[in-house]
Amino acid sequence: MPELPEVETVRRDLIPYVLGATIQRAIVHRGFSRMIKDSSIKAFRETVEGSQIEELRRHGKYLIFRLSNGRSWIVHLRMTGAFLISSDYRPRDRHERARIRITSPSYTSEMVLAFNDVRRFGTWECVPTEHENDRIPSGPDALAIDFTQDDLLGKLQSKDTSLKSALLDQAVVAGLGNIYVDESCFLAGIRPDRKAKNLCAREVERLYDAIGTTLNRALEQGGTSFRNYVNAFGLPGGALSHCQVYQRDGQCCRICDSTILKIKHAGRGTHYCPVCQD
Ligand SMILES: [Zn+2]
């Protein structure tokens with residue numbers, strides 16, 4: 001599933017093309033009306049068509065297109081959703097669910113913003129911008145300045161779950177999923193199956209720093225490609241080869257040479273080094 005670095009990579013790819021652009025047509029292909037939440041395709045089209053994209057934000061794993069008509073078009077890519085931008089006529093891919101035609105004063109021909117989604121879990125919805133916060137996770141974005149060490153400490157101390165479950169909870173911090181929770185716990189030297197509330201302040205400090213470092217490193221690599229993730233130009237990210245524990249079970253730890261273990265925890269495959277993490 002695309003997590004914060006992958007969604008942020010897509011956002012940065014799209015910005016030069018979509019900012020200031022006018023949505024000419026929004027086409028949701030037959031059979032995919034379910035991806036539009038709480039609205040018909042017709043109502044969605046009528047809301048977005050003719051409006052300008054004034055801002056493209058991200059909160060956690062959500063992309064938010066703020067429109068000139070006071071509405072926000074909120075997108076969650078879920079497992080395999082992907083936006084692909086192209087400048088000329090683009091043949092329809094077999095996994096394409098929708099396409100948006102946009103024009104902008106900064107380029108001459110119409111552009112196509114295609115939305116592909118193999119697993120079909122991605123969602124779109126349009127809400128008044130003042131209600132945007134009701135539709136996105138309440139936790140601070142993991143790379144935003146309002147995500148602080150004290151905030152993380154307070155939230156972990158109130159959680160009666162494992163660290164892994166707590167970090168996957170988007171009300172604690174928004175943007176982390178399976179890959180970056182495992183990688184952050186490794187970098188912090190803390191086992192993901194520890195009780196969240198039992199972490200001491202020093203450990204939370206290490207964890208907080210590890211989350212920032214892990215996400216920023218992955219962003220520099222253009223995100224992690226596992227399963228189907230591609231950026232807005234259809235290219236995979238390069239971060240998987242940099243993972244320390246994720247998908248490396250049975251291989252040697254790059255720090256201590258021990259074998260990386262994988263356990264099922266919080267319903268998810270969880271990877272850790274039994275020596276580097278305690
Ligand atoms: Zn190790």
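Leaving aside its neighbours within four places in sequence, which residues is Ala-210 in contact with? Keep that question in mind as you open the model, which is a predicted one. We will walk through the chain stop by stop and come back to Ala-210 along the way.

**Stop 1: the two domains**

Start by colouring residues 4-135 as domain 1 and residues 149-272 as domain 2. The centres of domain 1 and domain 2, taken over C-alpha atoms, are 28 Å apart. Now show the contacts across the boundary: 20 residues of domain 1 touch 20 residues of domain 2.

**Stop 2: strand β1 and Thr-22**

Select Thr-22, which you will find in strand β1, residues 22-28. Is Thr-22 buried or exposed? Thr-22 counts as buried, at 18% relative accessibility, because the cut-off for buried is under 20%. Beyond the neighbours within four places in sequence, Thr-22 is in contact with Gly-50, Ser-51 and Gln-52, and also with Arg-101, Ile-102 and Thr-103.

**Stop 3: a hairpin and a turn**

Next, select residues 53-59 and 62-67, which are strands β2 and β3. These two strands run antiparallel and are joined by six bridges. Click on His-59 and look across to β3, where the bridge partner is Tyr-62. Two residues lie between the strands of this hairpin, and Gly-60 there takes a positive phi near 60°.

Move along to Arg-78, in the loop between β4 (71-76) and β5 (81-86). Arg-78 is not a glycine, yet it has a positive phi of about 50°. With a relative accessible area of 27%, Arg-78 is partly exposed.

**Stop 4: helix α4**

Cross over to helix α4, residues 149-157, and show the side chains of Leu-152, Leu-153 and Leu-156, which are buried. Turn the view so that you look down the axis of α4: the buried residues fall within an arc of 100°, so they line one face of the helix. To see what covers these residues, add α5 (163-168) and α7 (201-220), which are among the covering elements.

**Stop 5: helix α6 and its surroundings**

Now select helix α6, residues 178-188. Ten of its eleven residues are buried, so α6 is largely enclosed by the rest of the structure. The buried residues begin with Asn-178, Ile-179, Tyr-180, Val-181 and Asp-182, and the list goes on with Glu-183, Ser-184, Cys-185, Phe-186 and Ala-188. The cover over them includes α1 (4-18), α5, α7 and β10. Step past the end of α6 and you reach Gly-189, whose phi is positive, near 75°.

This is the place to settle the opening question. Select Ala-210 in helix α7. Leaving aside its neighbours within four places in sequence, Ala-210 is in contact with Ser-184, Leu-187 and Ala-188. Draw a distance from Ala-210 to Ser-184, C-alpha to C-alpha, and you should read 5.2 Å, although the two are 26 residues apart in sequence. Ala-210 counts as buried, at 2% relative accessibility.

**Stop 6: the loop between α7 and β9**

Go on to Leu-240, in the loop between α7 and β9. Leu-240 counts as partly exposed, at 30% relative accessibility. Try another C-alpha to C-alpha distance here: Leu-240 and Val-204 are 25 Å apart in space and 36 residues apart in sequence.

Asp-257 is also found in the loop between α7 and β9. Asp-257 has a positive phi of about 75° although it is not a glycine. At 58% relative accessibility, Asp-257 counts as exposed.

**Stop 7: the zinc site**

Finish by selecting the zinc ion. Which atoms coordinate the zinc ion? They are the SG atoms of Cys-253, Cys-256, Cys-273 and Cys-276, at 2.2 to 2.4 Å. The angles subtended by the four donor atoms run from 98 to 115°, which makes the arrangement tetrahedral. For reference, the ideal angle for four tetrahedral donors is 109.5 degrees. In sequence, the donor residues follow the spacing C-x2-C-x16-C-x2-C. Among them, Cys-256 and Cys-276 link distant parts of the chain, 20 residues apart: Cys-256 is in the loop between α7 and β9 (261-265), and Cys-276 is in the segment after β10 (268-272). Cys-256 is partly exposed, with a relative accessible area of 27%, and Cys-276 is partly exposed too, at 24%.

How values were computed:
Residues numbered from 1 in each chain as written. Predicted model: local features only at pLDDT ≥ 70, side-chain atom pairs only at ≥ 80, totals over all residues. Heavy atoms only, no water. Buried < 20%, exposed > 50% of the residue type's maximum accessible area, 1.4 Å probe, protein only. Helix = DSSP H or I, 4+ residues; strand = E, 2+ residues; numbered from the N terminus. Arc of directions from axis to C-beta. Contact = heavy atoms within 4.5 Å. Pairing = 2+ DSSP bridges. Donors = N, O, S within 2.8 Å, 3.2 Å for Na, K, Ca; no water. Tetrahedral: all angles 85-135°; square planar, octahedral: opposite > 155°, others 65-115°. Domains from an automatic or database assignment.
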